[in-house]
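The following paragraphs examine how a ligand is held by the protein around it. Please keep the sequence and the structure in view while reading.

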Amino acid sequence: MTDTTIFGKIIRREIPADIVFEDEHLIAFRDIAPSAPVHVLFVPKTPIATLDAACGEHAELLGRLMLAAADYARRAGFSEPGYRVVVNCNGDGGQTVFQLHLHLLAGAPLGGFGVAR
Ligand code: 5GP
């Protein structure tokens with residue numbers, strides 16, 4: 001299956017992105033419309049539309065995504081001040097790009113979250 005989303009195009013270098021990390025399993029790049037001073041997206045190279053579509057065979061990959069985000073945050077100096085990791089799922093979750101991804105937000109105290117007001 002080919003990932004036809006904008007993130008698939010970034011993975012295939014069809015469109016540019018500010019890539020901060022990549023290995024054979026995943027890619028990480030800065031969000032084009034950051035919601036915090038540091039906003040990096042961690043995207044598996046395996047096409048998975050949503051977290052809801054993930055299953056047991058993706059368990060290791062999901063772990064790699066989380067650990068890649070934590071490693072990046074540690075190297076960037078955000079372990080002690082702290083950071084947030086978010087996965088949006090489907091419409092009410094605010095997902096707009098249907099290739100599973102993890103948001104890393106850091107660089108300032110982050111506000112609460114919940115129902116949009
Ligand atoms: P979602 O709303 O699906 O959880 O997150 C999608 C994220 O992708 C948004 O924060 C949005 O700003 C970001 N995004 C959308 N298109 C592009 C793009 O072409 N390049 C980059 N770097 N980020 C994008």
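In this predicted model, the ligand sits in the largest pocket. Two elements give two or more residues each to the shell around the ligand, namely helix H1 (6–11) and strand S2 (26–30). Of these, H1 gives the most to that shell, with three residues.

The shell may next be considered by its residues. There are 16 residues around the ligand, and those that come nearest are Arg 30, Asp 31, Asn 88, Thr 96 and His 103. In character, the shell divides into eight nonpolar, six polar and two charged residues.

Which atoms of the protein approach the polar atoms of the ligand? In the side chain of Asp 31, an N or O atom is 2.4 Å from an oxygen atom of the ligand. Asn 88 likewise offers its side chain, where a polar atom lies 2.8 Å from an oxygen atom of the ligand. Ile 32, by contrast, takes part through its backbone: a polar atom there is 3.2 Å from a nitrogen atom of the ligand. On its own the ligand has 520 Å² of accessible area, and the protein covers 83% of it.

The two elements named above are also linked to each other through their side chains. The structure holds two aromatic pairs. One of them joins Phe 7 and Phe 29, whose ring centres are 5.3 Å apart; their planes stand at 70°, and the pair is therefore edge-to-face. Because Phe 7 lies in helix H1 and Phe 29 in strand S2, this pair ties together parts that are 22 residues apart in sequence.

Terms used
Residues numbered from 1 in each chain as written. Predicted model: local features only at pLDDT ≥ 70, side-chain atom pairs only at ≥ 80, totals over all residues. Heavy atoms only, no water. Near = heavy atom within 4 Å. Polar contact = N/O pair within 3.5 Å; in protein donor to acceptor, adjacent residues only side chain to side chain. Areas by Shrake-Rupley, 256 points an atom, 1.4 Å probe, with all protein chains shown as cover. 1 Å grid on protein atoms, 1.4 Å probe; cavity = no way out; pocket = protein on both sides within 12 Å on 5 of 7 lines; lining within 4 Å. Sits in = over half its atoms within 2 Å of the grid points. Helix = DSSP H or I, 4+ residues; strand = E, 2+ residues; numbered from the N terminus. Nonpolar A, V, L, I, M, F, W, Y, C, P; charged D, E, K, R; others polar. Phe/Tyr/Trp six-rings, centres within 6.5 Å; stacked < 30°, edge-to-face > 60°.
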